[in-house]
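Work through these exercises with the model open beside you. Try each task before you read its solution.

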Amino acid sequence: MHETILEAKHINKEFHDPVTVKVLTDVTFKVNKGEFVSVIGKSGSGKSTLLYILSTMDTDYEGELLIDSQLMTGRKDMELARIRNEKIGFVFQFHYLLNEFTVLRNVMLPGLKLGKYSEEEVEHRAMERLKMLGIGHLARNMAYKISGGEKQRVAIARALINDPLILMGDEPTGNLDVRNSEIVFDIFKELTEAHDQTLLIVTHDQSFAERSGRIIEMEDGRIIRH
Ligand SMILES: Nc1ncnc2c1ncn2[C@@H]1O[C@H](COP(=O)(O)OP(=O)(O)OP(=O)(O)O)[C@@H](O)[C@H]1O
């Protein structure tokens, strides 16, 4: 029996801007532990809108979202923020590192915020993750002094600091050259294969999607393949 990590049930979403546009229609699917899922679809098909809902950042939708078998729908923002920090890692197209901090400090911040480990433990965990991603030697560098590909790896280390149940990405290779995209893809592959990490990644990169474990394809706000 597979352990379900995330479940979307009949999710519908409209924007009223000022006319009503239906952006997601009856989106229903599950993601099991250790799966590497890519979400693909043409521009405007609703991928980012869906990811905002699945990551609990957008609460204005119809239907139900369960993470770790717990209902997220209807919870207060404060509570969702806590659950996000504990259970969801997020990697964006742009890294959003704090330039005036070291690489190590950037990775540590969500760990310190969680309040589950001492500062020494968080530092140790941050170093472990930086080493796993091949950038341990950059720990004491200021974040602005490293390359774009290195920054994205730091962002992945930061997303992993609290051992998230699921790592979500919105075009995490969208801003990288071919070589760095490959490095990031290989990291994701290694995370699922060696660490049973669950991944849900929105991507335009067909080759990336085809080499992931499973594809969810969207068209006009509906899932047409999963
Ligand atoms: N804040 C908003 N107000 C009104 N319409 C919106 C808003 N955000 C998104 N949309 C519309 O919702 C639809 C889906 O957008 P979304 O960004 O989710 O698509 P996408 O598949 O992620 O596209 P892309 O690949 O270009 O990022 C589009 O038609 C878009 O114009």
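**Exercise 1.** In what order do the 6 strands of the open sheet run, and what is the pairing?

Solution. This is a predicted model: local features need pLDDT of at least 70, side-chain atom pairs count only at pLDDT 80 or more, and totals for chains, interfaces and linings use all residues. Residues are numbered from 1 along each chain as its sequence is written. Start with the terms. Helices (H or I, at least four residues) and strands (E, at least two) are DSSP runs, numbered from the N terminus. Two strands pair if DSSP finds at least two bridges between them.

- Read off the order: β6-β7-β8-β3-β9-β10, with mixed pairing.
- Find the edges: β6 (88–91) and β10 (222–225) each pair on one side only.
- Take the twist: neighbouring strands of this sheet are turned by 25° against each other on average, direction ignored. Such angles run from 0 to 180 degrees between N-to-C directions, with axes fitted to C-alpha atoms, for helices over the stretch in contact.
- Check one pair: β3 (residues 36–41) and β9 (residues 214–219) are parallel over 5 bridges. S38 has I215 of β9 as its bridge partner.
- Add the helix: α6 (residues 178–195) lies across β3 and β8 (198–202), at about 150° to β8.

**Exercise 2.** Describe the open sheet of 4 strands and the helix that packs on it.

Solution.

- The order is β2-β1-β4-β5, and the pairing is antiparallel.
- β2 and β5 (70–71) are the edge strands; each has a single partner, so one side of each lacks a neighbour in the sheet.
- β1 and β4 (residues 62–67) pair over 5 bridges. Here A8 stands opposite L65 in β4.
- α1 packs on this sheet and touches β1, β2 and β4, its direction making about 125° with that of β1. Contact means that C-beta atoms, placed from the backbone, lie within 7 Å.

**Exercise 3.** Place T4 in the fold. Why is T4 classed as partly exposed?

Solution.

- T4 is in strand β1 (residues 4–16).
- Apply the cut-offs: buried means 20 or more other C-beta atoms within 10 Å, exposed means 12 or fewer, and partly exposed is in between. T4 has 16, so T4 is partly exposed.
- List the contacts: leaving out residues up to four places away in sequence, T4 touches K30, N32 and S69.
- Look along the chain: T4 and L66 are 62 residues apart, yet their C-alpha atoms are separated by 9.3 Å.

**Exercise 4.** Which residues surround the ligand, and which helix gives the largest share of the shell?

Solution. A residue is near the ligand if its C-beta atom lies within 6 Å of it.

- The shell is F15, D17, V21, V23, G41, S43, G44, S45, G46, K47, S48 and T49.
- α1 (47–54) and β2 (20–32) each supply at least two of these residues. The largest share, 3 residues, comes from α1.
- Sort by class: 3 nonpolar, 7 polar and 2 charged. Ala, Val, Leu, Ile, Met, Phe, Trp, Tyr, Cys and Pro count as nonpolar, Asp, Glu, Lys and Arg as charged, and the others, Gly among them, as polar.

**Exercise 5.** Inspect the backbone at P18, D163 and D196.

Solution.

- P18 is in the loop between β1 and β2. A cis peptide bond joins D17 and P18, with omega about -10°.
- D163 is in the loop between α5 (148–159) and β7 (166–170). Its phi is positive, near 50°. D163 has 14 other C-beta atoms within 10 Å, so D163 is partly exposed.
- D196 lies in the loop between α6 and β8. Its phi is near 55°, also a positive value in a residue other than glycine. D196 has 11 C-beta neighbours inside 10 Å, so D196 counts as exposed.

Conventions:
Contact = placed C-beta atoms within 7 Å.
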